[in-house]
Structures are given as structure tokens and as C-alpha cells.
Amino acid sequence: MFPAFLFLLILSVMDVSLSAPTVYEDQSDESMDFSELIPRPKVDIRTPMLEGDIAIPDTLSRNADPCTATGCKWPKTGGYVDVPYYIAPNYTSMERDVIIKGLQSFSQSTCIRLIPWSSNHRDYLYISSQTGCWSYLGRQSGGQHISLQKNGCVHHSTVQHEVLHALGFNHEQVRSDRDEYVRILTENIEEGKAFAFEKKPTNNLKTPYDFDSVMQYHKYAFTKNGKPTILAKCDPNLDFGHAKKMSKNDILRINRLYECN
């Protein structure tokens, strides 16, 4: 008969392996240099979601107020904002290429520079295939996860969407002035998902509501009956929420928030 103390010991080791806050993996940047080891972010990836794809950090107040005014902006040095990233090795070369192109797109029109992680970076984005597409809102101390699930989330627009969350941007339909532009049809929203449509005291950076934003939900988001959950007041038949890349207003907001030249 299997000794009871050995069984308990095995359970203990299994629990540690699942919940240990720091795990080391081989570094896999573009050059595939395995000479360095990267620590996973200490934030637990098994975390509830705010607004569907925004993970809730330990400090809940960061999601109650515009966090970019309370410390979650990434620092700017010498005219640029460097945001280190690490891509987990569980992606194919094609998937990795899509992710890297999405990250590099920020440098084409903003002062944001997504740069490969190195051992001197404390704060960084750890991109891996978890369940669903999600990110934390703004910079999190000690590193943070971005989930881009294989077979569903590895798209150019999704990479930009989740990185925008990490830069401190919320969904378009929750901005403070949204009631002037959209109607939220709560009667059509799936049970337990109403939180994804709650209006927030956002800093809109003097930009208009943008149905073409990569941060805009589609009109049937979280529908429970096939009917719209969001309608445009200017045109109830307007279709939206299918952006393939950042809009001009998305780019303008980044440049204004981070004071890019």
C-alpha cells in the first residue's frame, strides 16, 4: 500500500509548482539567446477579469480611477517610452511574427518602443498563451502578463488592443462621455457581463468618440439573445467594432497621454 506521508509530500510539491510566484524559463528573444533567464511576473495569472479582457490587479483602486493619473504610466526617457516585452516560447514562428509586428507597429507612429526584455528590466510585458485575450490596465510593478491565446487571439489588432490596455487605455464604450454617442442595451447583455459596460471617469484627451477605434467592442458584444448590446445614437444600423488596426484617434491618444513629439 502507498505510504500516506509520500502521498501528502507529492501533493505538497504539486501545489508549489502550480502556485509558485516566480518561475524561470529560457530567454527567447528574436536572437533566441538562451544565456539569460527571465522571471515570470509575480502577479497570479489565474485572476478575475474587469470588462472582459482587463485583469484585476491586487490594488483594486487602480481600476476605480484613471490609473494613468495615479502612477501606471510607463516612464519616458530621452523622448521615448521603452516598454520591455518577453514572448513565451509556446508560439509558432508564424504566431511569433504576428505578435512582434503588432508590437513594432507602435514605434511607427508614437514614441512607444516595445523592446526585448533584458535582465536589467524590472517592469515588462510577459506575453504568453493563457485562456483568452487579456491584459492588465497600465504598468504593473514587477512585470505583468498579457494573454494572447493561440488559435484565437494572435491577430495584429488584438496585439495592439491588449498593449493599449497595458499602456493605460480602456475600452471605447466605457469612456466618460459615451452616453452622448451610444446606447447600452442592458436587457440584451449576458448575465454576469454587465460590468464590461460600466462607464468610467476616463481622460479622453480631447479626442472624439471613435467607432473605428481598436478599443471599441462590436455591437453584439456579450449578447444573450442575438440582439445588439451597443447601438450608435447617430445611426442605430451602424456596424462597428471590427477594426484591423489602431485608428488615427488611438494613435493621437497615445501621443497626447505620453507627450510624444
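The following paragraphs describe the nonpolar cores, one helix and two backbone features of this predicted model.

In soluble globular proteins, nonpolar side chains tend to be buried together. Here the largest nonpolar core comprises 33 residues, and Leu167 and Tyr258 have the most contacts inside it. Two or more residues come from each of β5 (81-87), α3 (93-104), β6, β7 (125-128), β9 (144-148), α4 and α5. Of these elements, α4 gives the most, with 5 residues.

Leucine 167 shows how distant parts of the sequence meet. When its neighbours within four places in sequence are set aside, leucine 167 is in contact with Thr68, Trp74, Val83, Phe106, Ile112, Gly138, Leu257 and Tyr258. A second core, separate from the largest one, has 12 residues, among them Val182, Ile189, Phe197 and Tyr217.

Helix α5 spans residues 248-257, and its buried residues are Asn249, Asp250, Arg253, Ile254, Asn255 and Leu257. These buried residues pack against β6 (112-116) and α4 (156-167).

The backbone just after α5 also merits attention. Glutamate 259, in the segment that follows this helix, adopts a positive phi of about 50° although it is not a glycine. Its relative accessibility is 59%, so glutamate 259 counts as exposed.

Phenylalanine 222 is likewise not a glycine, and it has a positive phi of about 55°. This residue lies in the loop between β10 (182-184) and β11 (230-232). Because its relative accessible area is 24%, phenylalanine 222 is classed as partly exposed, the range for that class lying between under 20% for buried and over 50% for exposed.

How values were computed: Residues are numbered from 1 along each chain as its sequence is written. This is a predicted model: local features need pLDDT of at least 70, side-chain atom pairs count only at pLDDT 80 or more; totals for chains, interfaces and linings use all residues. Side-chain values use heavy atoms; hydrogens and water are left out. Buried means under 20% relative accessible area, exposed over 50%, partly exposed in between (1.4 Å probe, protein chains only). Helices (H or I, at least four residues) and strands (E, at least two) are DSSP runs, numbered from the N terminus. Contact means heavy atoms within 4.5 Å. A nonpolar core is a set of buried Ala, Val, Leu, Ile, Met, Phe, Trp, Tyr and Cys residues joined through side-chain atoms within 4.5 Å.
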